[in-house]
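Biologist: I would like to learn how to read helix packing and a few backbone features. Could you walk me through an example?

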Amino acid sequence: VVESHLGMTQSNRLIGVKELWYELLTDYQKALRDSGINTIMIDTFSFLWEVCHMSLLQERQEKKPDKESLGEIEYADANLRIRTLLYQSRIAKKNLILTAPLTDVRIDKMIRGEVKSVVVGTRAAGWRHIGKEVDFIIETSVREDTVTDEKGLKQVNNIPHCFSPFNRLNE
């Protein structure tokens, strides 16, 4: 806890995230047991991953209040929670659709004698192991296309684009 010159305090303690995680899990379990539901969609998976590991941090803070972040080894527990969630849908024979925004994949590269961070691709934001645990990854985007008609009027069209870099079911 940090005290400001105005006498106000700031805390890095999390409140309510653990409860949100367990509420999400409860709803997920209900959907898995419901015979009328064939497909479950989580939008966004990156948000779910954030809630998952932050709820774990809140649990650790309840035991050790000055803890501000998870150590690298502690992410194993968060990884297990997410894998369990994914596997439960397979066991229940439910389709599970996860949405996630894309984030840049970067590497450090020597450019003119300086180390620079260079974008070399994209991946789903959030849990870095997701590509190993899902059956399909489908990247969708909308591309703008401008068309000029015979009168010189411009029309902007949004064209959906879908790309699947791999399909594990066909391996």
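Modeller: Happy to! Helices α1 and α3 are roughly parallel to each other, because angles under 35 degrees count as such. Their axes cross at roughly 15° and come within 10 Å. Please keep in mind that this is a predicted model.

Biologist: What is the handedness of the crossing where α1 passes α3?

Modeller: α1 passes α3 in a left-handed crossing.

Biologist: Which residues in α1 meet which residues in α3?

Modeller: On the α1 side you find Trp-21, Tyr-22, Leu-25, Tyr-28, Gln-29 and Leu-32; they meet Arg-81, Ile-82, Leu-85, Gln-88 and Ser-89 in α3. By class, the residues of this contact divide into 7 nonpolar, 3 polar and 1 charged.

Biologist: Let's turn to α1 and α2. At what angle do they pack, and how far apart are their axes?

Modeller: Helix α1 (residues 17-33) and helix α2 (residues 45-63) pack at about 130°, and 7 Å separates their axes. That angle makes α1 oblique to α2. The crossing in which α1 passes α2 is left-handed. From α1, the contact includes Trp-21, Tyr-22 and Leu-24, and from α2 it includes Phe-47, Val-51 and Met-54. The residues of this contact divide into 10 nonpolar, 2 polar and 4 charged.

Biologist: And how do α2 and α3 pack?

Modeller: Their angle is about 135°, with the axes 10 Å apart. That makes α2 oblique to α3. The handedness of the α2 and α3 crossing is right-handed. Among the contact residues are Leu-48, Trp-49 and Glu-59 of α2, along with Tyr-75, Arg-81 and Ile-82 of α3. This contact has 9 nonpolar, 3 polar and 4 charged residues.

Biologist: Both Glu-59 and Arg-81 appear in that contact. How should I read charged residues in general?

Modeller: The general idea is that side chains of opposite charge can pair when their charged atoms come close. Here, Arg-81 forms a salt bridge with Glu-59, and the closest N and O atoms are 2.8 Å apart. The pair links distant parts of the chain, with Arg-81 in helix α3 and Glu-59 in helix α2, 22 residues apart.

Biologist: How many salt bridges does the structure hold?

Modeller: There are 7 salt bridges in the structure.

Biologist: Now the strands, please. How do β5 and β6 run, and how many bridges join them?

Modeller: Strand β5 (residues 102-111) and strand β6 (residues 114-124) run antiparallel, joined by 10 bridges. As an example of one pairing, Lys-109 has Lys-116 in β6 as its bridge partner. The two strands form a hairpin with 2 residues between them.

Biologist: What should I look for in the backbone angles?

Modeller: As a general guide, most residues other than glycine have a negative phi, and most peptide bonds are trans. In the hairpin turn, Arg-112 has a positive phi of about 50°. Lys-93 is not a glycine, yet its phi is positive, about 55°. You will find Lys-93 in the loop between α3 and β4 (95-99).

Biologist: And where is the cis peptide bond?

Modeller: The cis peptide bond joins Asp-43 and Thr-44, with omega about 5°. Thr-44 lies in the loop between β3 (39-43) and α2.

Biologist: Thank you, that gives me a good way to read it!

Methods
Residues are numbered from 1 along each chain as its sequence is written. This is a predicted model: local features need pLDDT of at least 70, side-chain atom pairs count only at pLDDT 80 or more; totals for chains, interfaces and linings use all residues. Side-chain values use heavy atoms; hydrogens and water are left out. Two strands pair if DSSP finds at least two bridges between them. Helices (H or I, at least four residues) and strands (E, at least two) are DSSP runs, numbered from the N terminus. Axes are lines fitted to C-alpha atoms, for helices over the stretch in contact, and angles run from 0 to 180 degrees between N-to-C directions. Angles under 35 degrees count as roughly parallel, over 145 as roughly antiparallel, 65 to 115 as roughly perpendicular and the rest as oblique. A crossing is left-handed if the near helix is turned anticlockwise from the far one by less than a right angle, and right-handed if clockwise. Contact means heavy atoms within 4.5 Å. Ala, Val, Leu, Ile, Met, Phe, Trp, Tyr, Cys and Pro count as nonpolar, Asp, Glu, Lys and Arg as charged, and the others, Gly among them, as polar. A salt bridge is a side-chain nitrogen of Lys or Arg within 4 Å of a carboxyl oxygen of Asp or Glu.
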